[in-house]
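Work through the exercises below with the sequence and the model at hand. Each task is followed by a solution in steps.

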Amino acid sequence: MIDKQFKNLEEQIEILKYKGMTINDEDYAKRILLKENYFFISGYRYPLMRSVTDKHFLEGVTFEEMYSLFLFDRAIRNVFFKYLLVIENNLKSIISYQLSKKYGYKERTYLKTKNFTNDKSKQKQVNDLVRKMKRQIRINGSKHTATAHYLSNYGYVPLWILVKVLSFGIVGELFSIMKYDDQTSICKVYDIPVDEFSTYLPILSNYRNLCAHEDILYENRTQKKINGTIYHQLLNIEKDEEGEYVKGTNDLFALLIIMKRMLSYDEFKDMCLELDRRIDNLNYNLHSIKIEKILDRMGFPSNYMEIANIERSDIDE
């Protein structure tokens, strides 16, 4: 195996030039490469290349153009992250309300294994997750302001406080081991069937972590696929020969559809307007390719903004 050798800034510039990129201001390019990291910026080169086999840049591609795609991804990542946190907070509140109402507000009552599914195939998962949650109380009991307050003043940590220190992944796992009637009660709040909701949660958790760690977002694909929805129908998303939707199943538009179903109308509308501004800005900065090429890699149909205006009355008709 050939080692990847360290390249200094001058060598990084030469590599880009050798592959056909126009560098209008080498000092500017060096500052950006030093600050942002060549590896991450070069991860955005693929839409600007001739093909998957010919890895030279298209004619006229500039460093500024590739960097604008990098900045675009950062901008939409921040937008998605902001609203994913809204969904995370809402979900934690709804779950803690449902379980506290039914099983009590002290950890010695709501963390009993009998409160969760009696499916034998999930008993190890139930036991492991209960231990994880008890461990979070021990670890964060004195560190987190809210948990410390309850422990010192009342001697216990209610679930609506504990969920604040649980990761989105653990909350999703918590939902997966709940009794079916508890799952149903939570899903009724969102008007989403339990089986679809169970698919959505790990996807949301994965994207939340991707955004938090500044990974490439715009062309990410998930292993799990979501089922077709009324939004696919209303937007006339194209289907392939097997009858599967070609967009909005395991791409960024699929995430947008999930968030449409879990945010309020106004929250989602604001989110779409923010995304649309970022897309317009990228379109202004692209010269060698059209914005449609980026939208296609995102899984966004050309009429993507129409989803922002779909109301409940449009679906119920």
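**Exercise 1.** In which loop does Asn37 lie?

*Solution.* Asn37 is in the loop between helix H2 (26-36) and helix H3 (38-42). Helices here are DSSP runs of H or I with at least four residues, strands are runs of E with at least two, and both are numbered from the N terminus. The structure is a predicted model, in which local features need pLDDT of at least 70, side-chain atom pairs count only at pLDDT 80 or more, and totals for chains, interfaces and linings use all residues. Residues are numbered from 1 along each chain as its sequence is written, and side-chain values use heavy atoms, with hydrogens and water left out.

Next, look at the backbone: Asn37 is not a glycine, yet its phi is positive, about 95°. Asn37 has a relative accessible area of 34%, so it is partly exposed. The cut-offs are under 20% relative accessible area for buried, over 50% for exposed and partly exposed in between, with a 1.4 Å probe and protein chains only.

Asp191 is another non-glycine residue with a positive phi, about 60°. Asp191 is placed in the loop between helix H10 (180-190) and H11.

**Exercise 2.** Describe the protein chain as a whole.

*Solution.* Start with secondary structure: the protein chain has 16 helices and 0 strands. Then take the extent: its C-alpha atoms fill a box of roughly 65 × 50 × 40 Å along the principal axes. Of its 317 residues, 47% count as buried. Last, consider contacts, meaning heavy atoms within 4.5 Å. Among those between residues at least 6 apart in sequence, 71% join residues at least 24 apart.

**Exercise 3.** Determine how H9 packs against H6 and against helix H11.

*Solution.* Step one is H6 (residues 123-140) with H9 (residues 168-176): the angle is about 140° and the axes are 10 Å apart. Therefore H6 is oblique to H9. Axes are lines fitted to C-alpha atoms, for helices over the stretch in contact, and angles run from 0 to 180 degrees between N-to-C directions. Angles under 35 degrees count as roughly parallel, over 145 as roughly antiparallel, 65 to 115 as roughly perpendicular and the rest as oblique.

The crossing of H6 past H9 is left-handed, a term for a near helix turned anticlockwise from the far one by less than a right angle, with clockwise being right-handed. From H6, the residues Gln125, Leu129, Lys132 and Met133 meet Ile170, Glu173, Leu174 and Ser176 of H9. Sorted by class, this contact holds 4 nonpolar, 2 polar and 2 charged residues. Ala, Val, Leu, Ile, Met, Phe, Trp, Tyr, Cys and Pro count as nonpolar, Asp, Glu, Lys and Arg as charged, and the others, Gly among them, as polar.

Step two is H9 with H11 (residues 194-212): their axes come within 9 Å and cross at roughly 165°. H9 is therefore roughly antiparallel to H11. H9 also passes H11 in a left-handed crossing. On the H9 side are Phe168, Gly169, Gly172 and Phe175, which meet Val194, Phe197, Ser198, Leu201, Leu204, Ser205 and Arg208 in H11. The classes in this contact are 6 nonpolar, 4 polar and 1 charged.

**Exercise 4.** Which residues of helix H15 are buried, and what covers them?

*Solution.* In H15 (residues 291-298), the buried residues are Ile291, Ile294, Leu295 and Met298. Seen down the axis, they fall within an arc of 100°, so they line one face of the helix; the arc is that of the directions from the helix axis to the C-beta atoms. The cover includes helix H4 (63-103), helix H13 (252-262) and helix H14 (265-285). After H15 comes Gly299, with a positive phi near 80°.

Now turn to Leu69, which is placed in H4. Leu69 counts as buried because its relative accessibility is 1%. Leaving out residues up to four places away in sequence, Leu69 touches Tyr44, Pro47, Tyr218, Leu282 and Ile294.

**Exercise 5.** Is Leu235 buried or exposed?

*Solution.* Leu235 lies in the loop between helix H12 (230-234) and H13. Its relative accessibility is 3%, so Leu235 counts as buried. Beyond residues up to four places away in sequence, Leu235 touches Phe253, Asn303, Glu306 and Ile307.
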